[in-house]
Amino acid sequence: MYDERFIGPMRAEIAQLGVAELKSAQAVDDALKGTKGTQLMVVNSMCGCAARNMRPAVAMALKHSVTPNHKFTVFAGNDVDATRQARAYFTGYAPSSPSIALLKDGKLVHMIERWQIEGRAAEEIAQDLTAAFDKHCAPAAV
């Protein structure tokens, strides 16, 4: 586990975007099983690619005109049980931090893994996210 003095600013960077921190497995289940609509799950991390690429990408994407109904985060390495439980929803994907998942009614519809974050510009990652938001979060046409 990382010292909270070091990761506090990393937690705050995501939380200030209106993303709710989940710190237990039960909180993850309550958020994902009991919530209708679209859910963003950010697996935050202490690594450099989270700071340089992932967190700025999430901030950019959440300024888009279409965003998920609910936004959540867990911190890999500190919120161990919460992170393990969040990853249980990412069927077919190996554990990855940082990572960003988009779920609809608790079912995974889009995943961005670490290998898609490392070495890419935050703007590119944000474009991937906003395309997923447009596809999965936009209101159904009448």
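Before I turn to any one residue, let me fix a term: a residue is called buried when its relative accessible area is under 20%, exposed when that area is over 50%, and partly exposed when it falls in between. The model I am showing is a predicted one, and everything I say about it should be heard with that in mind.

With that cut-off in hand, take E21, which has a relative accessibility of 32% and therefore counts as partly exposed. Its side chain meets that of R11 in a salt bridge, with 2.8 Å from N to O. Since E21 belongs to strand β1, residues 20-21, while R11 belongs to helix α1, the pair ties together parts that are 10 residues apart in sequence. R11 itself, by contrast with its partly exposed partner E21, is at 6% relative accessibility and so counts as buried.

R11 has a further partner, because its side chain also meets that of D79 in a salt bridge, here at 3.0 Å from N to O. D79 sits in the loop between β3, residues 70-75, and α4, residues 80-88, and R11 is in helix α1, so this pair ties together parts that are 68 residues apart in sequence. In this bridge both residues, D79 and R11, are buried. If we then step back from the single pairs, we find E4, R11, E21 and D79 linked in a network of salt bridges. For the structure as a whole the count comes to 8 salt bridges, and one of them that lies outside the network I have just described joins E118 and R114 at 3.1 Å, N to O. There E118 is partly exposed, with a relative accessible area of 40%, and R114, at 27%, counts as partly exposed as well.

Let me stay with helix α1, which spans residues 4-15, and ask which of its residues are buried. They are I7, M10, R11 and I14. Seen down the axis of α1, these buried residues fall within an arc of 105°, so they line one face of the helix. The general background is that an α-helix has 3.6 residues a turn, so residues three or four places apart point the same way. The buried residues of α1 pack against β1, β2, α3 and β3, whereas on the other side of the helix R5 and P9 are exposed.

Also in α1 is F6, which at 52% relative accessibility counts as exposed. Together with Y2 and M46, F6 makes a nonpolar surface patch of about 300 Å².

From α1 we can cross to helix α3, where R55 has its place. At 3% relative accessibility R55 counts as buried, and, if residues up to four places away in sequence are not counted, R55 touches M10, E13, I14, N44, S45 and A50. Two of these, M10 and I14, we have already met among the buried residues of α1.

Helix α4 can be described in a similar way, its buried residues being A82, T83 and A86. Viewed down the axis of α4, these fall within an arc of 100°, so they line one face of the helix. They pack against α2, residues 25-33, and against β2 and β3, while the face turned away from the buried side carries the exposed residues R84 and A88.

Finally, the cysteines: how many disulfides does a search of the whole structure find? It finds 0. C47 is accordingly in no disulfide, and the nearest cysteine sulfur, that of C49, is 3.3 Å away; the cut-off for a disulfide is a pair of cysteine sulfur atoms within 2.5 Å, so this pair does not qualify. C47 is placed in the loop between β2, residues 38-44, and α3, residues 48-61, and with a relative accessible area of 17% C47 is buried. Leaving aside neighbours within four places in sequence, C47 is in contact with P98 and R114, the latter being the residue that is bridged to E118. C47 and S97, though 50 residues apart in sequence, are 8.4 Å apart in space from C-alpha to C-alpha. Another cysteine, C137, is buried too, with a relative accessible area of 14%.

Terms used:
Residues are numbered from 1 along each chain as its sequence is written. This is a predicted model: local features need pLDDT of at least 70, side-chain atom pairs count only at pLDDT 80 or more; totals for chains, interfaces and linings use all residues. Side-chain values use heavy atoms; hydrogens and water are left out. Patches are made of residues with over 30% relative accessible area and no salt bridge: like charges are joined within 9 Å, nonpolar side chains (Val, Leu, Ile, Met, Phe, Trp, Tyr) within 5 Å. Accessible areas come from the Shrake-Rupley method with a 1.4 Å probe; for residues, only the protein chains shown count as cover. A salt bridge is a side-chain nitrogen of Lys or Arg within 4 Å of a carboxyl oxygen of Asp or Glu. Helices (H or I, at least four residues) and strands (E, at least two) are DSSP runs, numbered from the N terminus. Buried means under 20% relative accessible area, exposed over 50%, partly exposed in between (1.4 Å probe, protein chains only). Contact means heavy atoms within 4.5 Å. The arc is that of the directions from the helix axis to the C-beta atoms.
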